[in-house]
Every structure is written in structure tokens, then in C-alpha cells.
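Trainee: Could you walk me through one part of this protein up close? I'd like to hear about the aromatic rings and whatever sits around them.

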Amino acid sequence: MKIVSKKPKNSDLKKYGLENVTAHWNLDGETLQKITVEKGQGTETDNGTLCVNTGKFTGRSPKDRFLVKDDYTKDKVWWGRINKPLEPANFERLYNEVTSYLSGKEIYVRDAYVCADPKYRMNVRTITEYPWSNYFVKNMFISLKADEIENFDEEWLVLCAPGYEAKDPESFGLRAGNFSILDFTRKVALVAGSAYTGEMKKGIFSALNLILPTEKNVLPMHCSANVGEEGDTAIFFGLSGTGKTTLSADPERKLIGDDEHGWADDNTIFNFEGGCYAKVIDLTEENEPDIFRAIKPGALLENIVFKEGTKEVDYSDSSITQNTRVSYPIDHIDTIVEPSFAKNPKNIFFLTCDAFGVLPPVSKLTPGQAAYHFISGYTAKVAGTEAGINEPVPSFSACFGEPFMPLHPTAYAEMLSKKMTDAGVNVWLINTGWSGGPYGVGSRIKLKYTRAMISSILEGELEKVDYEQHPIFGLYMPKYCKDVPTEMLDPMNTWLQKGAYISKAIQLAHSFHLNFDKFVNQASQDIMNGGPLIDAHQVMDHHM
């Protein structure tokens, strides 16, 4: 097979410490797919989509993520459980080991950029050991035009070597042989020991989550976003499994992006990336037509299983992992904004999958509540998704993306509060989880009802209705919403036993308060007042 590389003038790989490599530059997707299949590293579905298995790691490994602690980071980063420090000397040793490992090998180089708004564009060069890792980057970062390749200079470098594992991890200050490390001074993201492609994506976006707010006064957000015909932008925050990708893929609106965005001072919302990385477990064309139809040649499926004796994907099969994924270029979605940015944010949605069944399906937040729930980043882990979880467990991830946030969460929350106030944005909490009881008793709120609530908000209908305040969480619940059963809107109405509801709601409210303890010293009184109002007597009086 003839391989056609598109090489820039700046193509000396020895400056990175790479010697005697066979480098393939900026290959098209079709060529990368052929190489992957020929090397036995991937297969194709019945419609020609490339499938790979990421091996031992089918998700990120947050315990093995480090930031180099040096003059740039030492006073900026919120060091601790999430942001673990690594000594510059240990990074230097690891970097040299990885480049020595890659030397003499066949490697794949991709020049691209992140941040769709030209004012914030950051050029990234990615060097990968595997062709399909490069394919993922082709999908997820923003592609260069042909005439931009020749004079490309990178600002950041990503080195990805899944086949390398540190032999004596402790001597480097590591926990295990695999690692994902950011060095902000050298501007290098080093990923090794794991073939899970999301480590590369999240590495660069973690870098942006420090650079943009501290150097550019841009708020980085782990969210999806779309825009209506009138130019009104909606932003969807949410952790994995809450519906972020699904709900932003709306045929009536144009998609800006599905995962990572910046909010600039001129009220521009811009996409960080050039593609989408969606979960495909239990995917159906009926429920998620845009994502389903995006899975075609040019997309990359990870860790899926075929129906026996066929090349047809069984999306219900989680035998490899619950975290089955697809990456695809954003133009696989029919209704997109090009380039991927827009102005005038009007509504922000915080999505939560409440498996306890106590939060309202929709509620309007005050500015204090918005900051509180943003810092909390609540959802619930459902039984069966992780070993040892037999009933719902509350899960909190600050700013709906704590593993990727180098600064203290209140820094992002204060930026969000200011931007929300300046832009006059409405903020809503949407529960895509359970109603009528917890997981195992109640039922998951139907997607059609969630879509109806969001449509009513986007059309301004929920500006015209009356609200009542939830007696435990203090949230403001609409008394009416078109195309949604009215009894659903106050979750207590859906439970057979009101006492059981109150007990479960107070239990969850306590979880919120316990989680928030670590932020109390940095949070303003207004933010503190945005939390749950736990008072069982008030609750009983409200429903007597």
C-alpha cells in the first residue's frame, strides 16, 4: 500500500529525542484504517466502520494522572487527590524513557489544533505508537486545511506510547506503570501504558482548563452546546451517563460541540474539539438517531462486541465494558455550526441522573443555587455499573468535570456566576434519572419528557408558569410543563409512601452538605445559601 504523508517544513523529530523512526505524517482516515486492519489491531463492521479494542484500560485512570509541579504550576494548581504533583526531574526521566522506547519504531504524527475560535486557537502535534490512536486524534482535534500544514508549528506536544510501562514506578513518583502527565513549562502531555484514547483528549483539555482561565480570562466548561435559529445558545453540563451528548444532538438546533467548550468575554461559546466522543452502550437509532447515524466510515468504535457470527454491532453487550465508545468527526452530524462557535448563551442546563428518585425532573436555579450545584456536580452511580455497587451511590464531581480541573473549583464557579449574571442567563437543573422511587423501585424518566421540558425552556414557555419551592432542596419547580404529566413535576407526588420520599430526600441532602464541606472555606455566603434546606418538620408541614 502506498502511504502518502503530508509533512510540514518543521518535521525534525530528533528535537523530541526520537531517533531512527519511520514517521507517517497526517495520514487520511482511510489509510490509517487500512494500516490498523492490516496490522491486526482492528476490524471493520458490516458498514465499514473501524473497531478497536483498547486492551487493559477501557476508561481513563484518574489515579495515574499527574501534573509537573514547577514555577508555573506550584501556586496555581489545587493540589491534592485530583491534581497529584510530579517532580520535574522525574518527568524528564520518564520523557526520555518514552522517546527511547519509540525510537526505531514506526510512528504516526498528527498536526491539528484545539479551540474553534481563532482568538484562542492552540496548535497541537500528536505522536502516537498506534495508527488507530492517530485516527482518534484526527477525529477529535480540529483538522488543518491543506495549506496550513506546510508552515505548522506546535504549541503543545502529545506523546502517546501505550506499549511502554515504567518498570519501577515508585522510583519516578508514580503509582503504576501507566501514566498521564502534563508538563506546562515544556508544554508536553505524556501518555503511556494505556491505549485508552480518551487519555490524550482529556490531557489536552486539562491543559486548556488551566491556561484559558489564568491567561485568557476564558471559562473552560465540561459541557455540550447547541444554538437555535434565533442565535440563542444553550449549554448542557453533565457527567457521563446523564444525557449531555444525547440532549444536545437536537434536530431543531445546530450542534456547537458535545463535550468541551470555552466561554469568552465577548459571550462567545466555542468548541475545543473537532469531533464527538459518545457512549454507545444500549444505543438505538430510535432514541439517539444522530449518534447512531454518525457511526459510519470515518468513525472509530472502541470495545464493542459483534452479534454472534456477524459483523453487526451488539450495542447492548457490555461484556468488555459499560464504557463502549465511538469517536467521529463533528460533520458526521447533519446539523452543526461551522466553525464551531456561537454567541448569546440564554440557558444553561445542569444534568443529573438522580438514581435516588428524589430530585425534581426540572427546576429553576437562583444564582447562588447555580454556583452551589455547579461546584457540587452531582449525579448517582447506579447498581451494576461498578463492582460492589448494589444500590445507588451519590457521586460528586466539582464543575461537572473535577478530574480535569487543575484550579480550585470555586475559581471556575466564580467565573461562571459572573458570566451568567453579565449575560442574563437562566440556569436549570434537569434530572434525567428516576421518578416514583429509587433505582429498582421507580422508573427512569422518559427521554421524551426530558426533551419536552428542555423544549419548553428553550421556547420561553417556562417563563410564563408558576413555581413552588422544594421544601428540602430549595429548588423552584414549575407547576406546569407542556407535554409532561403534571404529577411528575413535584417528585414527592410520584412516590407511594411520602414518608419514604422524605427520608430518602433528607439522606441525599445530607450527602450534598457532607460533600460541600471541603469547599466551605472558599465559598461565599450566597453560594452556601444555594444548598439544600434540611428540616424534616418543615417538610411534613408542607405536605400535611
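Mentor: Here is a tour that starts with the rings and works outward to the helices and loops. Keep in mind that this is a predicted model.

Let's begin with ring pairs. The count for this model is 30 aromatic pairs. Take Phe350 and Phe400 as one of them: their rings sit 5.2 Å centre to centre with 40 degrees between the planes, so the pair is classed as tilted, given that the tilted class covers planes from 30 to 60 degrees apart. Along the chain these two partners are 50 residues apart, with Phe350 in strand 21 (residues 345-352) and Phe400 in the loop between strand 24 (393-396) and helix 9 (409-423). Both Phe350 and Phe400 are buried.

Now compare that with Phe396 and Phe512. This pair is edge-to-face, at 5.1 Å centre to centre and 80 degrees between the planes. Phe396 belongs to strand 24 and Phe512 to helix 11 (residues 498-516), so the pair ties together parts that are 116 residues apart in sequence. Phe396 is buried, and Phe512 is buried too. You'll also meet both of them in a cluster linked by ring pairs, made up of Trp78, Tyr372, Tyr378, Phe396, Phe473, Phe512, Phe516 and Phe519.

Rings can also have a charge for company. Over the ring of Tyr95 sits the charged end of Arg186, 4.5 Å from the ring centre. In a second case, Arg325 lies over the face of Tyr277, 4.9 Å from the centre of that ring.

Let's stay with Tyr277 for a moment. You'll find Tyr277 in strand 17 (residues 275-279), and with a relative accessibility of 7% it counts as buried. From C-alpha to C-alpha, Tyr277 and Arg325 are 6.7 Å apart in space, though 48 residues separate them in sequence. Setting aside residues up to four places away in sequence, the contacts of Tyr277 include Phe136, Met140, Tyr196, Lys201, Asp258, Glu302 and Arg325.

Two of those contacts, Phe136 and Met140, take us to helix 3, where both are buried. Helix 3 (residues 131-140) also holds Val137, and 10 of the 10 residues in this helix are buried. Val137 itself has a relative accessibility of 1%, so it counts as buried. Beyond its neighbours within four places in sequence, Val137 is in contact with Arg110, Thr126 and Met200. For a sense of scale, the C-alpha atoms of Val137 and Arg444 are separated by 35 Å, and these residues are 307 apart along the chain.

On to how the helices pack. Two packed helices are described by the angle between their axes and the distance between the axes. For helix 8 (residues 367-376) and helix 9, the angle is about 145 degrees and the axes are 9 Å apart. Their crossing is right-handed. On the helix 8 side, the contact is made by Ala370, Ala371, Phe374 and Ile375, while helix 9 contributes residues including Pro409, Tyr412, Leu416 and Met420.

Helix 10 (residues 447-458) is worth a look as well. Its 12 residues reach 16 Å from first C-alpha to last, close to the 16 Å expected at 1.5 Å a residue. Among its buried residues are Tyr449, Met453, Ile454, Ile457 and Leu458. The buried residues of helix 10 pack against strand 13 (233-238), helix 6 (244-248), strand 21, strand 22 (362-365) and strand 25 (426-431). You may remember strand 21 as the home of Phe350. After helix 10 comes Gly460, which has a positive phi near 80 degrees.

That brings us to some backbone oddities. Most residues other than glycine have a negative phi, and most peptide bonds are trans. Lys187 is not a glycine, yet its phi is positive, about 60 degrees. Lys187 sits in the loop between strand 10 (179-183) and strand 11 (188-192), and it is partly exposed, with a relative accessible area of 31%. Asn217 also has a positive phi, near 55 degrees. Its place is the loop between helix 5 (198-216) and strand 12 (219-227), and at 38% relative accessibility Asn217 counts as partly exposed.

Finally, check the peptide bond from Glu338 to Pro339: it is cis, with omega near -10 degrees. Pro339 is in the loop between strand 19 (325-329) and strand 20 (341-343).

Methods: Residues numbered from 1 in each chain as written. Predicted model: local features only at pLDDT ≥ 70, side-chain atom pairs only at ≥ 80, totals over all residues. Heavy atoms only, no water. Phe/Tyr/Trp six-rings, centres within 6.5 Å; stacked < 30°, edge-to-face > 60°. Helix = DSSP H or I, 4+ residues; strand = E, 2+ residues; numbered from the N terminus. Buried < 20%, exposed > 50% of the residue type's maximum accessible area, 1.4 Å probe, protein only. Lys NZ or Arg CZ within 6 Å of the ring centre and 35° of its normal. Expected span 1.5 Å × (residues − 1). Contact = heavy atoms within 4.5 Å. Axes fitted to C-alpha atoms, helices over the stretch in contact; angles between N-to-C directions. Left-handed = near helix turned anticlockwise from the far one by under 90°.
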